[in-house]
Amino acid sequence: RHGGSRDQVETLAAALAVMVLASATVTAVPGSSATPLIPGGSSVQADLVSADDRADVGGSIRLSPTVRFVVESDEDRYWRAAAYDRYTGGGWIRTGSNQRLQNPQAPGERETLTQTFTAKTTLDVLVAAARPQSVTNASVAVTEQDTLDLTKTLRPGDQYEVTSQVPAASEADLRTAGDDYPDRIREMYLQVPETTGKRVTSLTANVTAGADSDYERAERIEEWLQQTKQYDTKVSKPSGDIAESFLFKMESGYCVYFATAMTTMLRTQDIPARYVVGYTSGESVGEETNVVRGYDSHAWVEVYVPDQGWIQFDPTPAQPRQAAEQSELAAAREE
């Protein structure tokens, strides 16, 4: 269910997600100067066209139907742009250093997936399915969080190809993986700030009570968030810790709130997790070809599973996101 095929609910209105980014986020209007967005209570239009080392959660947003890129791939996947390991209470920071992209075997059961991306707008972000192994026609480095760091801006028409090793573990393998996490993974992906109160830990313990494995605990948290919180792009940024506020004070939010809450909840139970931004698979326009728009930008969660690596979870309710996307696209076509 997880790891790629499970989450193909994707046409998400989530662009908003990324609007979240303080310097990671983006130009408010396509073609305007690159002004980082840190939204407050006002509504802004957001797209993920660049990704830096910081992602701050903001307030209300509206969705953009602008086409960002076209992807050719024989599988629909989430296209990762950036992943973050350190939670500040108000957003996320990416730590660690970049290195040359190499081609090591990723842990666990994997299959090879080749993707060809064609930029339709100016982009300072390079997206790919997890886990990228090689890139052609683009100058890149790789971050410690397994995302690509672009060293040259992409212009409309620029094209690059990525070969990834995508997760292919069975549900049985994931459920029986245990909790023997590598020391480096524990060091980077269990941090929770002091702003996150103990009641988040207590709530999560109740949500996951009786689960037989850390993987099952992650499934329960994902399902609980989908069922108890509503999807809405028109929210005000809360004061205080984002995860705690979303869990105890807010009835609704969009993907960045869901992903921040789930990542934090997992960490309170000593389950390594990280916050990820990028795009969902987009809209099919032909055989093995998808158009990806601004409103497909999204935030989700990756959970580390021993011997299998990072596995994708998406706690944001799918149907409301799809409805928001369709509404925005219909409105754009009427203009």
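Two strands are taken as paired if DSSP finds at least two bridges between them. On this basis, strand 18 and strand 19 of the predicted model pair in the antiparallel sense over 5 bridges, and Glu302 has Gln312 of strand 19 as its bridge partner. The two strands form a hairpin with 3 residues between them, and Asp307, which lies in the turn, has a positive phi of about 70 degrees. Strand 18 is also joined by 7 bridges to strand 15 (residues 273-279), the two running antiparallel, with Gly278 standing opposite His298 of strand 18.

In a regular strand the side chains alternate between the two faces of the sheet. In strand 18 both faces are covered, since Ser297, Ala299, Val301, Val303 and Val305 on one side are buried, as are His298, Trp300, Glu302 and Tyr304 on the other. Because 9 of the 9 residues of strand 18 are buried, this strand is largely enclosed by the rest of the structure.

Strands 18 and 19 are among the elements against which the buried residues of helix 5 pack, together with helix 2 (171-175), helix 4 (198-207), helix 6 (242-248) and helix 7 (255-268). The buried residues of helix 5 are Asp214, Tyr215, Glu216, Ala218, Glu219, Ile221, Glu222 and Leu225. At 1.5 Å a residue, the 15 residues of this helix (residues 214-228) should span 21 Å, and the end C-alpha atoms are indeed 21 Å apart, so the expected and modelled values agree.

A further element is an open sheet of 6 strands in the order 9-12-8-4-17-16, with antiparallel pairing. Strand 9 (132-136) and strand 16 (283-286) stand at the edges, each with a single partner strand, so that one side of each is left without a neighbour in the sheet. The twist averages 30 degrees from one strand to the next. Within this sheet, strand 8 (residues 110-119) and strand 12 pair in the antiparallel sense over 9 bridges, and Phe117 has Tyr160 of strand 12 as its bridge partner. Gln165, which is found in strand 12 (residues 159-167), counts as buried because its relative accessibility is 11%, below the cut-off of 20%. The C-alpha atoms of Gln165 and Arg110 are separated by 5.6 Å, although the two residues are 55 residues apart along the chain.

Over the protein chain as a whole, there are 8 helices and 19 strands, and 59% of the 335 residues count as buried. Among contacts between residues at least 6 apart in sequence, 74% join residues at least 24 apart. The chain exposes about 13100 Å², of which carbon and sulfur atoms supply 42%.

Definitions and conventions
Residues are numbered from 1 along each chain as its sequence is written. This is a predicted model: local features need pLDDT of at least 70, side-chain atom pairs count only at pLDDT 80 or more; totals for chains, interfaces and linings use all residues. Side-chain values use heavy atoms; hydrogens and water are left out. Helices (H or I, at least four residues) and strands (E, at least two) are DSSP runs, numbered from the N terminus. The expected span of a helix is 1.5 Å times one less than its number of residues. Buried means under 20% relative accessible area, exposed over 50%, partly exposed in between (1.4 Å probe, protein chains only). Contact means heavy atoms within 4.5 Å. Accessible areas come from the Shrake-Rupley method with a 1.4 Å probe; for residues, only the protein chains shown count as cover. Axes are lines fitted to C-alpha atoms, for helices over the stretch in contact, and angles run from 0 to 180 degrees between N-to-C directions.
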